[in-house]
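Me: I would like to learn how to read contacts between chains, and then a helix. Where do we start?

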4 protein chains.
Amino acid sequence: MDFSIIRVARVVMNVKDLDRSRDFYVNALGFVETESDHEHMYLRGLEEHCHHSLVLKKAEKPGVHAIGYKVREESHLDTLEKLFQSRGMKTKWMEKGGQKALGRTLRVHDISGIPLEFFCEMETVERMLQRYEMYRGAKIQRIDHVNCMVPDVEKAYNFYVNELGFACSEYTATEDERIWAAWLHRKQTVHDQAFMNGDGPRLHHIGFWLSEPLSIIHACDVLASVGYASAIERGPGRHGLSNAFFLYVRDPDGNRVELYTGDYLTSDPDFKPIRWDLDDPRRQTFWGHKAPDSWFDEATPFLDIDTGEEVSIQNPTLQRRKPEFVI
Amino acid sequence: MDFSIIRVARVVMNVKDLDRSRDFYVNALGFVETESDHEHMYLRGLEEHCHHSLVLKKAEKPGVHAIGYKVREESHLDTLEKLFQSRGMKTKWMEKGGQKALGRTLRVHDISGIPLEFFCEMETVERMLQRYEMYRGAKIQRIDHVNCMVPDVEKAYNFYVNELGFACSEYTATEDERIWAAWLHRKQTVHDQAFMNGDGPRLHHIGFWLSEPLSIIHACDVLASVGYASAIERGPGRHGLSNAFFLYVRDPDGNRVELYTGDYLTSDPDFKPIRWDLDDPRRQTFWGHKAPDSWFDEATPFLDIDTGEEVSIQNPTLQRRKPEFVI
Amino acid sequence: MDFSIIRVARVVMNVKDLDRSRDFYVNALGFVETESDHEHMYLRGLEEHCHHSLVLKKAEKPGVHAIGYKVREESHLDTLEKLFQSRGMKTKWMEKGGQKALGRTLRVHDISGIPLEFFCEMETVERMLQRYEMYRGAKIQRIDHVNCMVPDVEKAYNFYVNELGFACSEYTATEDERIWAAWLHRKQTVHDQAFMNGDGPRLHHIGFWLSEPLSIIHACDVLASVGYASAIERGPGRHGLSNAFFLYVRDPDGNRVELYTGDYLTSDPDFKPIRWDLDDPRRQTFWGHKAPDSWFDEATPFLDIDTGEEVSIQNPTLQRRKPEFVI
Amino acid sequence: MDFSIIRVARVVMNVKDLDRSRDFYVNALGFVETESDHEHMYLRGLEEHCHHSLVLKKAEKPGVHAIGYKVREESHLDTLEKLFQSRGMKTKWMEKGGQKALGRTLRVHDISGIPLEFFCEMETVERMLQRYEMYRGAKIQRIDHVNCMVPDVEKAYNFYVNELGFACSEYTATEDERIWAAWLHRKQTVHDQAFMNGDGPRLHHIGFWLSEPLSIIHACDVLASVGYASAIERGPGRHGLSNAFFLYVRDPDGNRVELYTGDYLTSDPDFKPIRWDLDDPRRQTFWGHKAPDSWFDEATPFLDIDTGEEVSIQNPTLQRRKPEFVI
């Protein structure tokens, strides 16, 4: 492969009311607001030296414009364009300056229809890692991963592993060895990109990294204190898969955010992906809690990179089951 | 009042298999085993200088023999005998030496039929508070409280407050100001003894104090690691009432134990009891999680101090409701 | 004894610049500011329902006006007046309304010359315990204790234990069994009042309770972030004596504050005081760190209840040594 | 560069008494003992799927045989051999089977004289990450980095960055822009390999990663409980540089181990190395604590890959200063 994707770097997502979102993301969860205008809010974690990792865009309807990946070199964007074009996939350039703080950006739809973007350059800003007086809520450190529901996980898996160079850390399989869900990474953590079987493509959640587990307990306390108890959807709990300590919350528009800490280093190329049996009861959520139905059923649609219309959603090829260990 | 009850000090409870219970209480939860014989196991927390705070007694059927309270002076036992006799309640002496490590003990049935015992003297042993190499599982520090289901909470409340000298820290009331549940204390914490409306008298749970919240997260992880994930019944979560961070687990016989940390000092006599409205949605469990039905329905029977037979159970005078803030 | 002291309840102390103190106590350490005027600032912890536990008074020179104790009943103030007068000690009444939020108050000098005050009544305010969005810095919960240097610890010990009804939890003794330091309590914690051998009487520090140990780590980080790294005098560390996890900081006027969490329940009247040998190396600060000289040498003077002049300071009767386990 | 180094993967180090070392590393610190024989002990962290990350070798005198790096492909070993030979550096092969659990290994001396080894293959074993019942002491997760004192940091820096492909995350410089210390990484953390100015080459410490900060507090408590309080050399504290929460301990042979948690992700190639001024007081250890002299002066010698004799030690080219921010 003559290109190198570094990591998932941002998500661009619609919200209906920027002030309402600011209250949730900044005041309650503790994101840093880099800057905002009437149409956008640019948020980042305390550790992040880049301009933002989450763009909230004012719009009437929910939807995700793009999952953004950072690449190693500017020229890799051109290589990626050729790859996607050779596969007959839609591509689109956004020139430097067209998007706040971003260099030249390639937008595409991936093999499941998910809108991706690739860029090499993002402006940097002051890192707040040692500005502890600014720590509040969940003390968000950085973007960690996205998880998408897709109708054909194996197809997505093969494309990301074989064409884009991702490695698999863990996966779940049916008894006849069909891949039901997969955790894929470029950076040296459990995942940048997960896929799970379901009506899709839809964005299931964006995961943000926290530096230690009490941040999650404090986040629950703060959310409840300021009136967001109902935003807590699942957890706190321990994932069997990935080993992370987690909490899932829903933002005021219903977008799902995972607070996540405590997975492991995946630097070694000879790390053998961990297989979880879809029906093995010992593989459930580590502490045995069940996830609510909403967690399996609800997700955010993606938007077409050209038209802005919702990407059409397909039924999954495998049975819609609700194993409790999926994360 | 010419007697002074110090605090709840122990519970004597049946289990079917002492080895099975040792595995749960000592190996998984981290209790210290002071000593055992073929019929009993004596357990304590790391902070406790007294011989034990939990006695497990080998028996075919579950049941609680007594909730034990420590009094300030030996003569207070005689005063208490007179009080209970004057109210027509059954009393019974157990002489020093009759029970392991205990001085002279008065057993009675309280106004709800709960078997209580009072004693002044218990042998002391080495305190393990600074033997950190022995810390494991939930790192149990000390007994904190018991919670009992009774059919008439107001009757119990009046007896404990007016006759036994307990103070109330918090309570829940119906719209017509009937007390639905109450948290009563002698020592300077939120409770030694709680009562909640329900079929009773039954022991709902015994609460043990932990020194910090990560002990609960680690306890969940250890319980799951050694095969007790299904013992986790509710939590971890934050109680609105009491503010404690909690986990409820069920021992192998179904007895419920609460791991509990983070309430507040109740030293001040002019602290006004906090009232919670039974139907006020803002008063729910702080993070908004629901408790499972088992938590409301299942509890351990008490045993008669003379016959050892189960104390008969009455339906509650108030409606059986399941408010989510009850702790 | 026909009076009952509940607990140490407040300290009234001079500072030079109220804004500078606000920045330290409120913005950095996380105290709640109940109210202020040009001459006073009234601070409390998140758990405290009473109006304040620390009064900072604007003045040119440092000094402590009083250590305040809450008593159970109003009439106990009169009993205490008689006790102090019978011992030939100076007393002084401050009527209700004379001090912000306080009922009638008796000020005295104790046997070491320390200005004490006793009161039964203090106005109550909203408790912020579950206003987690207000938690910051050290997340101060409540006042816990004061520690005073006095020239004759045994004399102070005898007065507090025999005349005022305090109990001793732990003490250090010389090889010839002279008491070198003592930890005395009325509420059910390790101490309300500690005494250590030294030039005195002087206030060594005021201890505030935190609910869990990571609050201390976060307090260090915040203090350093906002320019108060040099305020950190000792710790974080574990006290052998009391078992608490601690940090000592110096406010902008040099007054010493201890952040303190994790001691144990002292409810039992038959708890035998723990003796520490002054020269036993195994009794040192639990992790073996040395305290700096400033910690042994520097303290805040007390002020006369009538004249406001500094109470004169005497040399200690025992040798001035620096055992490392003193807390 | 036509080779790729993955990460620092192990250290092979002498100790005098394996049982004494087991007590320290396994019983107190919580390492997992993979296996041992009369001459070696193989240790790993709870997260590690590889056979070991620390080899203790029984010997009369202290010394480090090799710092081991894992490479991406077997053939990269041959490329590295050519590189070192072309620079006139000593190389030596150890065939597969010659060392426990290891494939073919290339040993060399680097430009400072440090014995390195490179290998691609190490046997894998059960990962204990979710065996929480085995967690104890510091709950060691994995090897993180090594820090070496060398007489010429710039020379080492240039060799590792320009010849071996390391990236620099942070560094300290003198007023005339000479590099006094540097933090270099291959995996996506702050460092695999740090260099600091001093008599060398010597191994200053091996850093092991923990998953959260309370593990360090608990490690201190356990070390003190079992008699290793004097092994605690520095900390706990927060590094300004790297932002990690740390503790330094000395093993029974004087080798230094750092317990380390909380640095940041260094995945981005455009991350600009953070410069710290050697004399800027604001750059000191974040909380302002001083490191003891032993921390600056004492370190473990390296051993020649052929003779086993101590590698000779040179005086540093820059002044021997003791800035407090060095980590």
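Reply: We start with one interface; note that this is a predicted model. Chain D and chain A bury about 2,900 Å² between them, with 53% of that area on carbon and sulfur atoms.

Me: Which three residues supply more than any others of the area that chain D buries against chain A?

Reply: Gln130(D), Leu265(D) and Asp268(D), which supply 18% of it. The contact takes 33 residues from chain D and 33 residues from chain A.

Me: How many salt bridges are counted between chain D and chain A?

Reply: A salt bridge needs a Lys or Arg side-chain nitrogen within 4 Å of an Asp or Glu carboxyl oxygen. The count here is four. Lys70(A) pairs in this way with Asp270(D), their closest N and O atoms being 2.8 Å apart. The rule for polar contacts finds 21 residue pairs across this interface. On the side of chain D, β1 (5-15) and β17 (274-277) are the elements that give two or more residues.

Me: What turn lays chain D on chain C?

Reply: A turn of 180 degrees, with a shift of 0.0 Å along the axis and an RMSD of 0.0 Å. That is the relation of a two-fold axis. Of the interface residues of chain D, 100% are also interface residues in chain C, so the copies meet through the same surface.

Me: Now the helix. Is α4(A) mostly covered or exposed?

Reply: Mostly covered: twelve of its twelve residues are buried, among them His218(A) and Asp221(A). Helix α4 of chain A covers residues 214-225 and reaches 16 Å from first C-alpha to last, close to the 16 Å expected. Gly227(A), with a positive phi near 95 degrees, follows α4(A).

Conventions: Residues are numbered from 1 along each chain as its sequence is written. Chains are lettered from A and ligands numbered from 1 in the order in which they are written. This is a predicted model: local features need pLDDT of at least 70, side-chain atom pairs count only at pLDDT 80 or more; totals for chains, interfaces and linings use all residues. Side-chain values use heavy atoms; hydrogens and water are left out. Copies are superposed by least squares on the C-alpha atoms of residues with pLDDT of at least 70 in both. Contact means heavy atoms within 4.5 Å. Helices (H or I, at least four residues) and strands (E, at least two) are DSSP runs, numbered from the N terminus. The expected span of a helix is 1.5 Å times one less than its number of residues. Buried means under 20% relative accessible area, exposed over 50%, partly exposed in between (1.4 Å probe, protein chains only). Buried area is the accessible area (1.4 Å probe) that two parts lose on being put together, summed over both. A polar contact is a pair of N or O atoms within 3.5 Å; within protein, one must be able to donate a hydrogen and the other to accept it, and residues adjacent in sequence count only if both atoms are side-chain atoms.
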